[in-house]
Amino acid sequence: SETASEFALYSDNNSIIEYADLPQLSTPVIRNIKTYIDNLYEAVEMLNLQYAIKIIKDLKHYCIKNKLPLIEVKNVGILILNICIKQLWAYNFLEEHIFSLRNNFCTIIFECKNIEVLFKNLCDITESTIKDLTSKTKYQGDLIDDIENYINENYNKELSLESIAATFYISAGHLSRLFKSKKKINLSTYIQSVRIEKAKDLIATTDMHSYEIAEMVGINDPVYFSKLFKKFTGCSVRHFKSSINK
């Protein structure tokens, strides 16, 4: 069969074997492949080229060891390609570039005749992607400083992890981990803390109502604002204002 012919590419003597002799993809094998793919996703997201290439090479050895049919390995290759495409999309690369890249590499993957060439191409795809992403990523320390300044200047607008990531040409997942690593706080929590600090200033310097202040600092739900204010300050808006007026 065609699958038997593909499987024979793993054989030292390249002989065709019976379909019945093909190994079945067991649940443990599928689970292990998923682990490789998940780890690769994280490596690409973190722009860790060395780790990403190691994962791909380890995956190649795993596929050879378990004698996966080449067509199945090509499907794994498409998953790896999609990881790269997703990250390029997250970094706001031009759509034309992304679609062209995917079409070109899909053709390359499916035209591969043996596993060595296939995984060499997958390494090339991944390396090219990470280098492209790195070229759009500023020095991490400066990036976090810029993001902090951006939040402080735009706290009264709609802010989200995704919108900030898009503004700074970085994937949402990478931004989340990078911000937490540098600031020891989640990005969403930091945004909340900035808004509450701005709210405290407005409470102390104006006679605005609570719902007006909430809107001024970018929180449209006054009930949620009251809960958030108490969470960060330990007291209600009214008690906070009373303590200032004493």
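**Exercise 1. A salt bridge within H2**

Which side chain meets Lys 34 in a salt bridge? Find the partner in this predicted model, then work out how the two residues sit in their helix and how open they are to the surroundings.

*Solution.*
- Step 1: look for the partner. The side chain of Lys 34 pairs with that of Asp 38, at 2.7 Å from N to O. The cut-off for a salt bridge is 4 Å, so this pair qualifies.
- Step 2: place the pair. Both Lys 34 and Asp 38 belong to helix H2, which covers residues 27–45. They are four residues apart, about one turn of the helix.
- Step 3: check exposure. Lys 34 has 51% relative accessibility and counts as exposed, because the cut-off for that class is over 50%. Asp 38, with 39%, is partly exposed.

**Exercise 2. Another pair, another helix**

Take Asp 124 and Lys 120, whose side chains also meet in a salt bridge. Give the N to O distance, the spacing along the helix and the exposure class of Asp 124 and of Lys 120.

*Solution.*
- Step 1: the distance from N to O is 3.1 Å.
- Step 2: the two sit in helix H6 (residues 115–135). Because Asp 124 and Lys 120 are four residues apart there, about one helical turn separates them.
- Step 3: Asp 124 comes out as partly exposed at 31% relative accessible area, while Lys 120 counts as exposed at 52%.

**Exercise 3. A bridge between two helices**

Find the salt-bridge partner of Glu 148, and explain what the pair does for the chain in terms of sequence separation.

*Solution.*
- Step 1: the partner is Lys 183, and the closest N and O atoms are 3.2 Å apart.
- Step 2: Glu 148 is in helix H7 (residues 140–154) and Lys 183 in helix H9 (residues 172–183), so the bridge ties together parts 35 residues apart in sequence.
- Step 3: Glu 148 is buried, at 14% relative accessible area, whereas Lys 183 is partly exposed at 32%.
- Step 4: for context, a search of the whole structure turns up eight salt bridges.

**Exercise 4. Two buried residues and their contacts**

For Thr 126 and Gln 192, work out the burial class. Then list what each one touches once neighbours within four places in sequence are set aside.

*Solution.*
- Step 1: Thr 126 is placed in helix H6. With 1% relative accessibility, Thr 126 counts as buried.
- Step 2: the contacts of Thr 126, leaving out those sequence neighbours, are Leu 40, Val 44, Ala 52, Ile 56, Ile 80 and Cys 84.
- Step 3: Gln 192 is in helix H10 (residues 187–205). At 17% relative accessibility, Gln 192 counts as buried, because the class takes in values under 20%.
- Step 4: with the same neighbours left out, Gln 192 touches Tyr 224, Leu 228, Lys 231 and Phe 232.

**Exercise 5. How H2 packs on H4**

Describe the crossing of H2 with helix H4 (residues 70–90): the angle, the handedness and the residues that meet.

*Solution.*
- Step 1: the two axes come within 10 Å and cross at roughly 25 degrees.
- Step 2: angles under 35 degrees count as roughly parallel, and H2 and H4 are therefore roughly parallel to each other.
- Step 3: the crossing of H2 past H4 is right-handed.
- Step 4: on the H2 side you'll find Ile 33, Ile 37, Leu 40, Tyr 41, Val 44 and Glu 45. They meet Val 76, Leu 79, Ile 80, Ile 83, Lys 86 and Gln 87 of H4.
- Step 5: sorted by class, the contact has nine nonpolar, one polar and two charged residues.

**Exercise 6. Positive phi in the loops**

Look at Leu 47 and Lys 67, non-glycine residues with positive phi. Where does each sit, and is each buried or partly exposed?

*Solution.*
- Step 1: phi of Leu 47 is near 60 degrees. Leu 47 is in the loop between H2 and helix H3 (49–65), and is buried at 18% relative accessible area.
- Step 2: phi of Lys 67 is near 50 degrees. Lys 67 is in the loop between H3 and H4, and is partly exposed at 43%.

**Exercise 7. The whole chain**

How many helices and strands does the chain have, and what share of its residues is buried?

*Solution.*
- Step 1: the count gives 13 helices and zero strands.
- Step 2: of the 246 residues, 39% count as buried.
- Step 3: take the contacts between residues at least 6 apart in sequence; 67% of them join residues at least 24 apart.

Technical notes:
Residues are numbered from 1 along each chain as its sequence is written. This is a predicted model: local features need pLDDT of at least 70, side-chain atom pairs count only at pLDDT 80 or more; totals for chains, interfaces and linings use all residues. Side-chain values use heavy atoms; hydrogens and water are left out. Buried means under 20% relative accessible area, exposed over 50%, partly exposed in between (1.4 Å probe, protein chains only). Contact means heavy atoms within 4.5 Å. Axes are lines fitted to C-alpha atoms, for helices over the stretch in contact, and angles run from 0 to 180 degrees between N-to-C directions. Angles under 35 degrees count as roughly parallel, over 145 as roughly antiparallel, 65 to 115 as roughly perpendicular and the rest as oblique. A crossing is left-handed if the near helix is turned anticlockwise from the far one by less than a right angle, and right-handed if clockwise. Ala, Val, Leu, Ile, Met, Phe, Trp, Tyr, Cys and Pro count as nonpolar, Asp, Glu, Lys and Arg as charged, and the others, Gly among them, as polar.
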